[in-house]
Amino acid sequence: MKTKEELLDILAHFELPEKVVDAEPFGNGHINDTLRVTNEKGEVKYVLQRINHLIFTNVDMLQNNVQRVTSHIRKKLEARGEADIDRKVLTFFPAKDGKPYYFDGENYWRVSLFIPRSVSYEEVTPELSYEAGRAFGDFQAMLADLPEGALGETIPNFHNMEFRLQQFREAVADDKAGRVGEVKDLIDEIGRRAEAMCIQERLYRDGKLKKRTNHCDTKVNNILFDAEEKKVLCVIDLDTVMPGFVLSDIGDFIRTAGNTGAEDDRDLERVGVNLPIFEAYTRGYMETAKAFLTDEEIRLLPYGGRLLTYMQTVRFLTDYLNGDTYYKIQYPEHNLVRTRAQFKLLQSLEEHAAEMDAFMKPWLATSSAFL
Ligand code: ADP
Ligand code: GN1
Ligand code: MG
């Protein structure tokens, strides 16, 4: 990690309204490095992020997307006559050369306005889950009129299950870290579900499902809530906003907030689906998203929870087999612990699939059999 002087030198390349004196690590994302930046009075004013350009290889596309998304949302909020807009959408500051990032010869950096009196959670109550559902539905609704081609795919095939399975099969075949032997049980479990988990890609090929602009990383900690009121302020972490399948944005929330344990819980007894969180999120989400969803998509929403949990099981195990090259890890077998915890959550979601699927009935116009 950089020294304080190096970080201040990086910050000096940005056009910032206030003088800054310190930057310290913040948040617990798996990909980028996030720091909060303070002014002379010790107040947190900005967020400095080092972009992981090994993962986001096209930083220009990434920052163009983010710019496009934030300006589109800002216009929508202005049109609605909302107050306090700087706390409801992210604001990024350009570098002194006019670019939306600064490249120091090795790393790419960006700076956004720190949203004051905000808080993110790793766990939420049903009340907050309902608010989160409304917020992510509204987020998709606000972006629904972005013209096709407005956003690039910052990570191609990001939530394409067929592609993730192909990467997984390659990792098994290559066995780069010599770990295949110890995870045979998981490899079998993944293989057994592979076909059932690629419904979206098949429906898309058959012209029965369209792509929409999705957030694609709706982890519970990617929403900022007001620190005083139980309201959502802002959807953050916009790197993966891109055209995709609609189930992603219910799926990742159920996977993270709808888990009674942690994403990397070693104690599998703690891991399982939290049904009140799923139900509250769904109720909130349907309030803001119903207008643009098809019956087919509504029917599949609970499947989205299973799919994104399965996808994450596959992605963590792929990284473990490849020798931990993608996700940040805190200890050597971290990706395996994550895989087992995600798989336990998947089993729990499967056990409750019938009741979760049935929960969608009130919103369906037709009552044809579930897929
Ligand atoms: P990562 O890609 O590492 O997940 P995020 O953009 O999600 O990075 O930021 C990590 C954490 O930092 C968030 O969960 C949130 O708590 C906090 N955070 C990020 N941006 C802001 C902001 N503009 N204002 C306030 N807090 C923020
Ligand atoms: C990563 O950056 P973060 O922690 O919000 C990952 C997500 C995974 C998640 C698993 C670009 O998200 O896709 O679901 O970890 N982001 C990327 O916790 O791969
Ligand atoms: Mg994040």
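This is a short conversation about the two ligands in a predicted model and the residues around them.

Reader: What makes a residue count as part of the surroundings of ligand 2, and how many are there?

Author: A residue counts if one of its heavy atoms lies within 4 Å of the ligand. By that rule 18 residues surround ligand 2, and the closest are Asp217, Lys219, Glu263, Gln312 and Tyr326.

Reader: Why is the pairing of ligand 2 with Tyr326 called a polar contact?

Author: The cut-off for a pair of N or O atoms is 3.5 Å. An oxygen atom of ligand 2 is 2.5 Å from an N or O atom in the side chain of Tyr326, so this pair qualifies as a polar contact. The side chain of Gln312 has an N or O atom 2.7 Å from an oxygen of ligand 2, and for the side chain of Arg255 the value is 3.3 Å. Those two pairs therefore pass the test as well.

Reader: How much of ligand 2 does the protein bury?

Author: On its own, ligand 2 exposes 440 Å², and the protein buries 97% of that.

Reader: Which helices help to surround ligand 2?

Author: Both α7 (248-256) and α9 (295-321) supply at least two residues of the shell. Helix α9 gives the most, with 3 residues. Sorted by type, the shell around ligand 2 has 7 nonpolar, 4 polar and 7 charged residues.

Reader: Why can you say where ligand 2 lies relative to the domains?

Author: Domain 1 (4-113) and domain 2 (126-366) both give residues to its shell, so ligand 2 lies between them.

Reader: Now for ligand 1: which residues are closest?

Author: Gln49, Ile115, Ser120, Asn221 and Asn222 are the closest of the 19 residues that surround ligand 1.

Reader: How do you know that ligand 1 makes polar contacts with some of them?

Author: We can use the 3.5 Å cut-off again. An oxygen atom of ligand 1 is 2.7 Å from an N or O atom in the side chain of Ser120, and 3.0 Å is the value for the side chain of Gln49. With Asn221 the partner is a backbone N or O atom, 2.9 Å from an oxygen of the ligand. Each value is within the limit, so each pair is a polar contact. As for cover, ligand 1 taken alone exposes 550 Å², of which the protein buries 92%.

Reader: What makes up the shell around ligand 1?

Author: By type, that shell divides into 8 nonpolar, 10 polar and 1 charged. Strands β3 (44-51) and β6 (108-113) each supply at least two of its residues. At least three residues come from each of domain 1 (4-113) and domain 2 (126-366).

Terms used:
Residues are numbered from 1 along each chain as its sequence is written. Chains are lettered from A and ligands numbered from 1 in the order in which they are written. This is a predicted model: local features need pLDDT of at least 70, side-chain atom pairs count only at pLDDT 80 or more; totals for chains, interfaces and linings use all residues. Side-chain values use heavy atoms; hydrogens and water are left out. A polar contact is a pair of N or O atoms within 3.5 Å; within protein, one must be able to donate a hydrogen and the other to accept it, and residues adjacent in sequence count only if both atoms are side-chain atoms. Accessible areas come from the Shrake-Rupley method with a 1.4 Å probe; for residues, only the protein chains shown count as cover. Helices (H or I, at least four residues) and strands (E, at least two) are DSSP runs, numbered from the N terminus. Ala, Val, Leu, Ile, Met, Phe, Trp, Tyr, Cys and Pro count as nonpolar, Asp, Glu, Lys and Arg as charged, and the others, Gly among them, as polar. Domain bounds come from an automatic or database domain assignment.
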